[in-house]
Amino acid sequence: MRLALIGTGRMGTPIAARLRDAGHQLVVYDLEPEARQRMAAAGYEVAADAAAAAAGAAAVLLSLPDAAVVKAVVRELPQVELLIDLTSSLPSVTRALGRRMVDAPVSGGVAGAEAGTLTAMVGGEVSDLEAARPILEAFASHIFHAGPSGSGHAAKALNNALSAVALSATSEAVAIGRYAGHRPEGVVKRLNAGIGRTQNSEVKFPRDILTGAYSSGFGAGLMLKDVGIATALAAERQIPIPLVALVGQLWTLVPGEEDFTRVYEVVAGWGGSTGSVRCDLDHFDLAVAATCWLAARETVGVAEAEGLQRDRFLEIVNAGSGRSEATLHFESGLGFGPRQAVRALDAVRAVAAAGRHAVPVLALAAELWRRC
């Protein structure tokens, strides 16, 4: 199949390799001359511009920085049989493009693209998804239909917002655990044995944070962009998401070019004295779980307003980085109420106060639970 891929950055380049290895006839284009030169040196057919790349293609894939670039590039394109937008973009922009297309943002990072194990969250008509599926299968091993046009973009942003909240809350819990006499490994182990378990505590803490590797392959700037999309969606729908919004502010403190797991270093650096207060690890577990549950409630509300079915959205999240015990058991609950949540969060905040350590995410969660 003759395909065009526009955008050959960190994600576009390994996706191009997967498409070529799958036997597709591929022509590529990138806005940056250096990227075009690199792809030509690697043996790819490189077009002079986006329109030339799209000419005669059965489908055009976009892997671009943001919604503004998508709009600019699509204006240059001729009418094509199918447009597949892999960009993390805004649903409203996708719906306004007026093209036969699917929005199919992916998660799994560069390593997932190289291995062909990305997760694609697809918005659009089912018939268009089925037309795109043989193409997506070259680099994505999990393909979910999120819902109507724009739903893929919404699902991706909200999933990553959940991941950001979970990583932030877990980082605060692990960072202040030392003031209660707990080693970081011990806090993570307790979370993973309880209701505070998340994809971040299971995967990123043992692999990327506790080892000091900070090599998840996903940049802090990209996380900030996705959380920004989530907050923009909520603003468009007039749905308050205070916890996600606060976490978005936190991510501005991490240099954009750094791995997003380095948010732990930022959080750990907020400590002051070495004083300690006794606090059972059960409180840490419940505090993280209670925070993740609030984030799940916020994002589910936005997802439904965007036209995603709740069950479908949670299925996507639970297969991705936004997974937590709170999302896995969103309907049935985790067996605690507001009083228990506040008690646990306040206990952990007392530990933080003894160490003069800021815990803005857990502190806001405590206040939000008081209002329940």
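These notes cover the largest pocket, the one cavity, the nonpolar cores and Thr291 in a predicted model.

1. **Largest pocket.** The space in the largest pocket comes to about 1000 Å³. Its lining holds 44 residues. Closest to the pocket centre are Met11, Val106, Gly109, Phe218 and Leu222.

2. **Who builds the pocket.** Several elements give two or more residues to this lining. They are helix 1 (12–21), strand 7 (106–107), helix 6 (109–115), strand 9 (140–147), helix 8 (151–177), helix 10 (199–209) and helix 11 (220–237). Helix 10 gives the most, four residues.

3. **Character of the pocket lining.** The lining of the largest pocket has 21 polar residues, 15 nonpolar and eight charged.

4. **The cavity.** How many cavities of 30 Å³ or more does the structure hold? There is one. The largest cavity encloses about 40 Å³ of space. Its lining consists of Leu162, Val165, Ala166, Cys292, Ala295, Gly322, Ser324 and Thr327.

5. **Who builds the cavity.** Helix 8 and helix 14 each supply at least two residues of the cavity lining. Helix 8 has the largest share, with three residues. By class, the cavity lining splits into five nonpolar and three polar residues, with no charged ones.

6. **Nonpolar cores.** In soluble globular proteins, nonpolar side chains tend to be buried together. Here the largest nonpolar core has 87 residues. Those touching the most other members are Leu243, Trp251, Phe284, Phe313, Phe336, Leu345 and Trp369. Another core lies apart from this one. That core has 29 residues, including Leu26, Val122, Ala138 and Ala140.

7. **Leu243.** Beyond four places in sequence, Leu243 touches Val165, Thr291, Leu294, Ala295, Glu298, Val361, Leu364, Ala365 and Leu368. Two of these contacts, Val165 and Ala295, also appear in the cavity lining.

8. **Thr291.** Thr291 sits in helix 14 (residues 281–305). Is Thr291 buried or exposed? Its relative accessible area is 0%, so Thr291 is buried; the cut-off for buried is under 20%.

9. **Neighbours of Thr291.** Leaving out residues up to four places away in sequence, Thr291 touches Val165, Ala169, Leu243, Leu345, Val361, Leu362, Ala365 and Trp369. Leu243, Leu345 and Trp369 are among the core residues that touch the most other members. For distance, take Ile135: Thr291 and Ile135 are 156 residues apart along the chain. Their C-alpha atoms are separated by 38 Å.

Methods
Residues numbered from 1 in each chain as written. Predicted model: local features only at pLDDT ≥ 70, side-chain atom pairs only at ≥ 80, totals over all residues. Heavy atoms only, no water. 1 Å grid on protein atoms, 1.4 Å probe; cavity = no way out; pocket = protein on both sides within 12 Å on 5 of 7 lines; lining within 4 Å. Points joined across faces, edges and corners; volume = space filled by probe spheres on them. Nonpolar A, V, L, I, M, F, W, Y, C, P; charged D, E, K, R; others polar. Buried < 20%, exposed > 50% of the residue type's maximum accessible area, 1.4 Å probe, protein only. Contact = heavy atoms within 4.5 Å. Core = buried A, V, L, I, M, F, W, Y, C linked by side-chain atoms within 4.5 Å.
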